[in-house]
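Q: Please take a close look at a single part of this structure, and then set that part in its surroundings. I would like the terms defined as they come up.

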Amino acid sequence: MFFERHQGGERAVLVQLQLEGAERDLSLVEFEELVVSAGGNPVATLSGSRRVPHARTFVGEGKLEEIAAKCREHEAELVIFNHALSPSQERNLEQVLACRVLARTGLILDIFAQRARTHEGKLQVELAQLTHMSTRLVRGWTHLERQKGGIGLRGPGETQLETDRRLLRARIKSIQARLQRVRNQREQSRRARRRAELPILSLVGYTNAGKSTLFNRVTASQVYAANKLFATLDPTLARVDIEQFGPVLFADTVGFISDLPTTLVEAFKATLEETANADLLLHVVDVAAPNRAVLMADVETVLGDIEADGLPQLVVFNKLDLVEQPPRIERNESGTPTAVYCSAATGEGMALLLEAIRERLSVAMFDQEIALDPSRARLRSALYELGAVSKEEWQADGSSTLHVRLPLSDWHRLNV
């Protein structure tokens, strides 16, 4: 990493305010889980409400004194806010509290830094860290004089702060170039999969909904799965043969969270494109979560950010063993499966899940032979471009018969 991440285990005071006009109530439980996932030790939690954030310190004077008292009482080394803080607010808070201050974005970045395993994942996290820190390069250089004029007072041509910013920009540009190569490689892999006619099913959902456990259950893989936030960062693909349908590819992806930092969404675009290019999204939901409707809405928001909200979707209500309900399939008015209730941990309802997937993919795919005369050369070219043609036979009159397999939405778009 370009920046060394501080080792976890610090005693932390947590701060969360409910701001007037906020779209949703923040979850204290999720906030505490984030801190524990980062390796912190929450020793006190302070909450309250405020009409608007204070311009200098985010919280008011009374709450600031209360935070300082808790820090002294528990000898806390860190104060974490479940909000976005401006660089100046962080600096002002640190001066008053005499300890490190971290905002929600920095907390999530730290968790991602711990979880990244592959070279690509580490690059993506570093890019997000550098982008975040580029606005916070004002601390640590107070011992250096500014540039001055006059004999004996002329400073260097470039201040230390300017040097740091230049180095940061160069590093960010280098990482972006390397990640662009990763995106190009992923695009080539996707074209190869299209040519192999393998539908892609992408697991999406709120963090800790059980996506990796479900992935392991369906694919018989050994992907790391744990009951903690952001256990999975690096995407994993596995091929599965579905009875009476054929082979498909399952993709396990990073979990989403409310107010996911935009720097992370941007940095993880190469990974999230696996979701945006799927034939079917499996939206995994923790059925036992009391606020599951809110969490589902948060996932839909992130899907909109990566332009994947228009893709076919099957909702998978997971962790059925926690609510003691029977596994089942929910269908719409036309009989198409829209949701499946199952438990990835126990395997209950897995047969129903595969049945629903088979039905949805059969509906979503155009798979048949078509005859094209020479005047429809443009359609033939477009089908080859998509890798949708598996077989072609030419006739004496110049027409051809093609065996075509591609998503139904693509077929309707091409064959208008």
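A: A residue is called buried when its relative accessible area is under 20%, exposed when it is over 50%, and partly exposed in between, as judged with a 1.4 Å probe and with protein chains only. What follows describes a predicted model, in which local features need a pLDDT of at least 70 and side-chain atom pairs count only at pLDDT 80 or more, while totals for chains, interfaces and linings use all residues. Residues are numbered from 1 along each chain as its sequence is written, and side-chain values use heavy atoms, with hydrogens and water left out.

The part chosen is strand β5 (residues 200-205), where helices (H or I, at least four residues) and strands (E, at least two) are DSSP runs numbered from the N terminus. Six of the six residues of β5 are buried, and the cover extends to both faces, with Ile200, Ser202 and Val204 on one side and Leu201, Leu203 and Gly205 on the other.

Part of the setting of β5 is given by strand pairing, which requires that DSSP find at least two bridges between two strands. With strand β7 (residues 246-252), β5 pairs in the parallel sense over four bridges, and Ser202 has Ala251 of β7 as its bridge partner. With strand β8 (residues 280-286), β5 is again parallel, this time through five bridges, and Val204 stands opposite His283 of that strand.

β5 also contributes to a nonpolar core, meaning a set of buried Ala, Val, Leu, Ile, Met, Phe, Trp, Tyr and Cys residues joined through side-chain atoms within 4.5 Å. The largest such core has 35 residues, and those with the most contacts inside it are Ile80, Leu107, Phe256 and Leu303. Two or more residues of this core come from each of β1 (11-19), α1 (28-37), β3 (78-81), α4 (104-115), β5 (200-205) and α10 (292-305), with α4 giving the largest share, five residues. In soluble globular proteins, nonpolar side chains tend to be buried together.

Phe256 leads back to the strand: taking contact to mean heavy atoms within 4.5 Å, and leaving aside neighbours within four places in sequence, Phe256 is in contact with Val204, Gly205, Tyr206, Thr207, Leu272, Val299, Val302 and Leu303. Val204 and Gly205 in that list are residues of β5, and Leu303 is among the residues with the most contacts inside the largest core.

A second, separate core of 25 residues includes Leu214, Val218, Ala238 and Cys342. Leu214 and Val218 are among the buried residues of helix α7, along with Lys211, Ser212, Phe215, Asn216 and Thr219. Because seven of the nine residues of α7 (residues 211-219) are buried, this helix is largely enclosed by the rest of the structure. Just after α7, Ala220 takes a positive phi of about 60°.

Charged side chains offer a contrasting view. A salt bridge is counted when a side-chain nitrogen of Lys or Arg lies within 4 Å of a carboxyl oxygen of Asp or Glu, and the structure holds ten of them. Glu359 forms one with Arg331, the closest N and O atoms being 2.8 Å apart; this pair links distant parts of the chain, with Glu359 in helix α11 (residues 350-364) and Arg331 in strand β10 (residues 328-331), 28 residues apart. Glu359 is partly exposed at 25% relative accessible area, as is Arg331 at 38%, and together with Glu355 these two residues are linked in a network of salt bridges.

For the protein as a whole, there are 13 helices and 14 strands, and 47% of the 416 residues count as buried. Among contacts between residues at least 6 apart in sequence, 68% join residues at least 24 apart.

A caution concerns pLDDT, the predictor's confidence in each residue on a scale from 0 to 100. The mean pLDDT of the protein is 80, and 79% of its residues reach 70 or more. Over residues 1-8 the pLDDT is below 50, although this stretch has 18 contacts in the model beyond near neighbours in sequence. Residues 139-154 likewise have a pLDDT below 50, with 15 contacts in the model beyond near neighbours in sequence.
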